[in-house]
Amino acid sequence: MPTPSTAALPIRRLTHRDLTACADLSEDRGWPREEHKWGFLLTAGKGYGIDDPGGGLVSACVVTEYGPHGRPALGAIGMVLVAERHARRGIGRHLMRHVLSVMGPTPLTLHATPHGRPLYEELGFKATGRAEMVVGHFTSDGPTPGVVTRAATAEDLTAILSLDEEVFGTDRTQMIARLPAFADQVRVAEDNGRIIGYAAAWPNMGTHVVGPLIARDTETAKALVASLAAHTDRPLRTDIDVRHQELLAWVKARGMESVAFNAVMTYGTEELPGDWSRRFAPLTVAAG
């Protein structure tokens, strides 16, 4: 059966009911199924997809909006996938153009693999940064960072949200408020009773992903990573802004290895809002 013109393929909003189809699409492209992450993104963000007449999805992506409801200040695009049997037919471009149209003047960001970057550049995205993915069993060799950390409690949520908005540059309550249910750990760093950083570790295919990682300085970021590692037997994985060279060198000296680089790209803005010096790692590269 001939494939219809890409322009004729209808694009619809995905819901949590599409979770299995999204996981199947990930698996089709050789990615882990990542049902836990897909469920989180489809609940907190907006999924877009194209149905395959033969069953399943031809393509999918998720857009997470940040800022005032109805007037987002930033949108993050992630999980952009096209089924292998439909690859190289312009379907990913068709889906991305739809997203750009829906989002209008809202500034956008995404993390691009080397494979995906040419398409995004063609659409007008510009590389404004770089993130390095590191993975491995963290070992606690060497001196312990001298920053107090503890498990977060429900009473910390207001302070965490305030700090996060200050550092990220816009409100992302709909994501951060879901962290206690999504993550296995959420920990905070304190200085004289004031929260100066926080981090989460959430389960993903046998690892714990560290993200977000928000901290006053590198020593605070180190303390948060070490405290998360101390409470799991799984390997850690995280995507660290390459400008944080001291933290990258420190985690590599403690068992984590570089496995990939992604370009941080923006559309409609020259740079991301907020304070990059305190933003060490995203919640997930799919949502910024």
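Two rings of Phe, Tyr or Trp count as a pair here if their centres lie within 6.5 Å. I start my notes with that rule, since the first thing I looked up was rings, and I keep in mind that this is a predicted model.

**Entry 1: aromatic rings**

I counted the ring pairs and got 6 aromatic pairs. The pair I opened was F125 with Y267, whose ring centres are 5.0 Å apart with planes at 40 degrees, so I logged this pair as tilted. What does each partner belong to? F125 sits in the loop between α4 and β6, while Y267 is in strand β12, and the two are 142 residues apart, so I noted a link between distant parts of the chain. For burial, F125 comes out buried, with a relative accessible area of 2%. Y267 has 25% relative accessibility and goes down as partly exposed.

Next I turned to F182 and W202. Their ring centres are 4.9 Å apart and the planes stand at 35 degrees, so this pair is tilted. F182 belongs to helix α7 (residues 179-182) and W202 to strand β9 (residues 194-204), so the pair ties together parts 20 residues apart in sequence. Buried or exposed, these two? F182 is buried at 4% relative accessibility, and W202 is buried at 0%. I also found that ring pairs join F40, F182 and W202 into a cluster.

**Entry 2: the cavity**

W202 turned up again when I searched for enclosed space. I found 1 cavity of 30 Å³ or more. The largest cavity holds about 40 Å³ of space. Which residues line the largest cavity? My list reads W202, V209, R237, D239, P282, L283, T284 and V285. By class, that lining is 5 nonpolar, 1 polar and 2 charged residues.

**Entry 3: the largest pocket**

Then I went to the open spaces. The largest pocket contains about 1,100 Å³ of space. I counted 38 lining residues for the largest pocket, and the closest to its centre are W31, V80, L81, T113 and H115. Which elements supply at least two residues each to this lining? They are β4 (74-82), α3 (91-103), β5 (108-112), α4 (117-122) and β12 (257-267). The largest share comes from β4, with 6 residues. I sorted the lining by class and wrote down 19 nonpolar, 11 polar and 8 charged residues.

**Entry 4: the second largest pocket**

The second largest pocket has a volume of about 430 Å³. I found 24 residues lining the second largest pocket, with D241, R243, V264, L272 and R279 nearest its centre. Two or more lining residues come from each of β5, β6 (126-136), β11 (236-241) and β13 (279-281). Which element gives the largest share of this lining? β6 does, with 4 residues. The class split is 12 nonpolar, 6 polar and 6 charged.

**Entry 5: strand β12 and its partners**

β12 had already come up in the lining of the largest pocket, and Y267 of the first ring pair is in β12 too, so I checked how this strand pairs, knowing that side chains in a regular strand alternate between the two faces of the sheet. β5 and β12 run antiparallel, joined over 5 bridges. In that pairing I noted H111 opposite V264 of β12. V264 is also among the residues nearest the centre of the second largest pocket. β6 pairs with β12 as well, again in the antiparallel sense, over 9 bridges. Here R130 stands opposite A263 in β12.

**Entry 6: cysteines**

My last check was for disulfides, and the count is 0. Why do C22 and C61 not form one? The closest cysteine sulfur to that of C22 is in C61, at 9.7 Å, which is too far for a bond, given that a disulfide needs the sulfur atoms within 2.5 Å. Looking from the other side, the sulfur of C61 has that of C22 as its closest, again at 9.7 Å. Both turned out to be buried: C22 has 0% relative accessibility, and C61 has 0% as well.

How values were computed:
Residues are numbered from 1 along each chain as its sequence is written. This is a predicted model: local features need pLDDT of at least 70, side-chain atom pairs count only at pLDDT 80 or more; totals for chains, interfaces and linings use all residues. Side-chain values use heavy atoms; hydrogens and water are left out. On a 1 Å grid over the protein atoms alone, a cavity is a set of points where a 1.4 Å probe fits but cannot get out, and a pocket is an open set with protein on both sides within 12 Å along at least five of seven lines; lining residues have an atom within 4 Å of a point. Grid points are joined across faces, edges and corners, and a volume is the space filled by probe spheres set on the points. Ala, Val, Leu, Ile, Met, Phe, Trp, Tyr, Cys and Pro count as nonpolar, Asp, Glu, Lys and Arg as charged, and the others, Gly among them, as polar. Two strands pair if DSSP finds at least two bridges between them. Buried means under 20% relative accessible area, exposed over 50%, partly exposed in between (1.4 Å probe, protein chains only). Rings of Phe, Tyr and Trp (its six-membered ring) pair if their centres lie within 6.5 Å; planes under 30 degrees apart count as stacked, over 60 as edge-to-face and the rest as tilted.
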